[in-house]
Amino acid sequence: MWTLTCIPVNVYHALYPFKPVFRCTQARHFWVFCWLLMALILDNGKGRLKDLCRYLPPKLRYWTLMRMVRSGQWDASVLVSEMSRDVLNWLPAPADGVIHFNADKTRKDKCGRQHPLGLVTRDSQHSPYCFGFEMVVLIASWDRYRIPIDLKVMDPKIKGHQNILFRQMLETVHLPSWVRQVVVSGDAGFAANPTLKLIEKKGGTYVFAMARNRKFTNGKYVSDLMRHLPKSSYRRQATYKPDGRRCDYWVFEKRATLHNLGDVTMVLSKKRRNAGPNQVRLFVTNLKDVKASTVLSLYAWRWGVEVTIKELKGGLHLGQMQVTREAGRVARSVTLSVCAYLLLIRLYGREEASGQPWSLFRLKERFQADLMRQEIDRTERKWQRKLKQYEDAA
């Protein structure tokens, strides 16, 4: 373990444009914010505030970090919005001008029962109950990039809050100038009618997994089609992951009109030809005259949000800070992990995605190596100055 003595120049320059977000000048919250992001990147433990103090200067105490996280003098949502906008405009544009937005919900388990946003839930009817709080993560992806651009904490007392937060994210996102097409994808939990109408209103394209209880305009359910459709109607199609890997599915596509949704393209998909109706998945898109393989290939981009959530939890300690009693403190604490991710992209994003898969942990290793090299060079210059003073005095 080694302790830093000053903030590196490249880190300070990358974060300086967001200094106006921190309104309290006496507490020097921007200075504490820079140190806190660096400690989050360097720490390989549990990511609690007391553990992060080991990487900070001795004059930066635990209570100073806690006061900064608890303070309401900085807006977490504005900070993430400004940092993600800066990163999206700084990274190189794709050749086709297509950007993918993918959202998913994640849960962070907690031990205590006094969490302001905690709830008791389980993943399925066969899973045990657990206590924690839930978050909605939105990422933007193209080529090899996966960038978290927003994260919001869900309130269990608000019905359908995850879809409300998802629509707020889509309305407030800042698109780069090179964007020519927007593709939004998500699982069945985010496929609400107001969300799909909002995407169409903004001129975007959506590819969502749907629940089988959807109805056609004639009153029949989609589940009836999935149950009684013979396997001879399915045909084998090759789909491709974002990294170019091939994956074959048995699919059935149909142009239909769904209740409260309008004309859409439906795709029924299963992994094996003899799989039963319970193993068939439904995908819906507003694209016309599109092949089923294209729809599944577009939906495959959604896996990037799962990997990003894993990186935020395993590499940047998402939700580990012990802040309770107020919902605003929880929102600010989870925002810091996203800011640390965006900082790494701002420093090394262009070089790291040139020819290999995107990885947050590789960015962390490069950041740690650069900090170690800068500390060694700084210490060497310090002793050279002292030696020169001794020689001049002699």
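In this predicted model, asparagine 163 touches Gly189, Phe190, Ala191, Ala192 and Thr195, when residues up to four places away in sequence are not counted. Asparagine 163 itself belongs to helix α6, which spans residues 161–172. Its relative accessibility is 11%, and buried means under 20%, so asparagine 163 counts as buried.

A contrasting case is found in the loop between α6 and β5 (181–186), where serine 177 lies. The relative accessible area of serine 177 is 77%; since exposed means over 50%, this residue is exposed. Serine 177 can also be placed relative to arginine 302, which stands 125 residues apart from it along the chain. The C-alpha atoms of these two residues are separated by 23 Å.

From single residues, the description now turns to the interior. In soluble globular proteins, nonpolar side chains tend to be buried together. The largest nonpolar core in this model has 115 residues, and the members that touch the most other members are Phe33, Phe208, Met266 and Phe367. The element that gives the most to this core is helix α11 (residues 327–352), with 13 residues. Another core, of 14 residues, lies apart from it. Val183, Tyr249, Leu296 and Tyr299 are among the members of that other core.

The packing of helices can be considered next. Two packed helices are described by the angle between their axes and the distance between the axes. Helix α2 (residues 29–42) and helix α4 (residues 62–70) provide an example: their axes come within 10 Å and cross at roughly 110°. Because of this angle, α2 is roughly perpendicular to α4. On the side of α2, the contact is made by His29, Val32, Phe33 and Leu36, and on the side of α4 by Thr64, Leu65, Met68 and Val69. Of the residues in this contact, six are nonpolar, two are polar and none is charged. Phe33 thus appears in this contact and also among the residues named for the largest nonpolar core.

Helix α4 merits a further look. Its buried residues are Thr64, Leu65, Met66, Met68 and Val69. What covers these buried residues includes α2, α3 (49–52) and α11.

How do the axes of helix α10 and α11 cross? Helix α10 covers residues 303–316, and its axis comes within 10 Å of that of α11, with a crossing angle of roughly 100°. This angle makes α10 roughly perpendicular to α11, because angles of 65 to 115 degrees count as such. In the contact, Thr308, Glu311, Leu312 and Leu316 of α10 meet Ser337, Val338, Ala340 and Tyr341 of α11. The residues of this contact divide into five nonpolar, two polar and one charged.

Charged residues form another layer of the description. Side chains of opposite charge can pair when their charged atoms come close. The model contains 16 salt bridges. One of them joins glutamate 253 to arginine 235, with the closest N and O atoms 2.5 Å apart. This pair links distant parts of the chain: glutamate 253 is in strand β8 (residues 246–258) and arginine 235 is in strand β7 (residues 235–240), 18 residues apart. Both partners are partly exposed, glutamate 253 at 26% relative accessibility and arginine 235 with a relative accessible area of 36%.

Other salt bridges are found within a helix. An α-helix has 3.6 residues a turn, so residues three or four places apart point the same way. Arginine 373 and aspartate 370 both lie in helix α12 (residues 360–393), three residues apart, which is about one turn of the helix. Their side chains meet in a salt bridge, at 2.9 Å from N to O. Arginine 373 is partly exposed, with a relative accessible area of 46%, whereas aspartate 370 counts as buried at 17% relative accessibility.

Helix α12 also holds glutamate 375 and arginine 378, which are separated by about one helical turn because they are three residues apart. A salt bridge is formed between the side chains of glutamate 375 and arginine 378, at 2.7 Å from N to O. In this pair, glutamate 375 counts as buried, at 10% relative accessibility, while arginine 378 is partly exposed, with a relative accessible area of 23%. Elsewhere, salt bridges that share partners join Asp104, Arg302 and Glu306 into one network. Arg302 is the residue already met in the description of serine 177.

Notes. Residues numbered from 1 in each chain as written. Predicted model: local features only at pLDDT ≥ 70, side-chain atom pairs only at ≥ 80, totals over all residues. Heavy atoms only, no water. Core = buried A, V, L, I, M, F, W, Y, C linked by side-chain atoms within 4.5 Å. Buried < 20%, exposed > 50% of the residue type's maximum accessible area, 1.4 Å probe, protein only. Helix = DSSP H or I, 4+ residues; strand = E, 2+ residues; numbered from the N terminus. Salt bridge = Lys/Arg side-chain N within 4 Å of Asp/Glu carboxyl O. Contact = heavy atoms within 4.5 Å. Axes fitted to C-alpha atoms, helices over the stretch in contact; angles between N-to-C directions. Parallel < 35°, antiparallel > 145°, perpendicular 65-115°, else oblique. Nonpolar A, V, L, I, M, F, W, Y, C, P; charged D, E, K, R; others polar.
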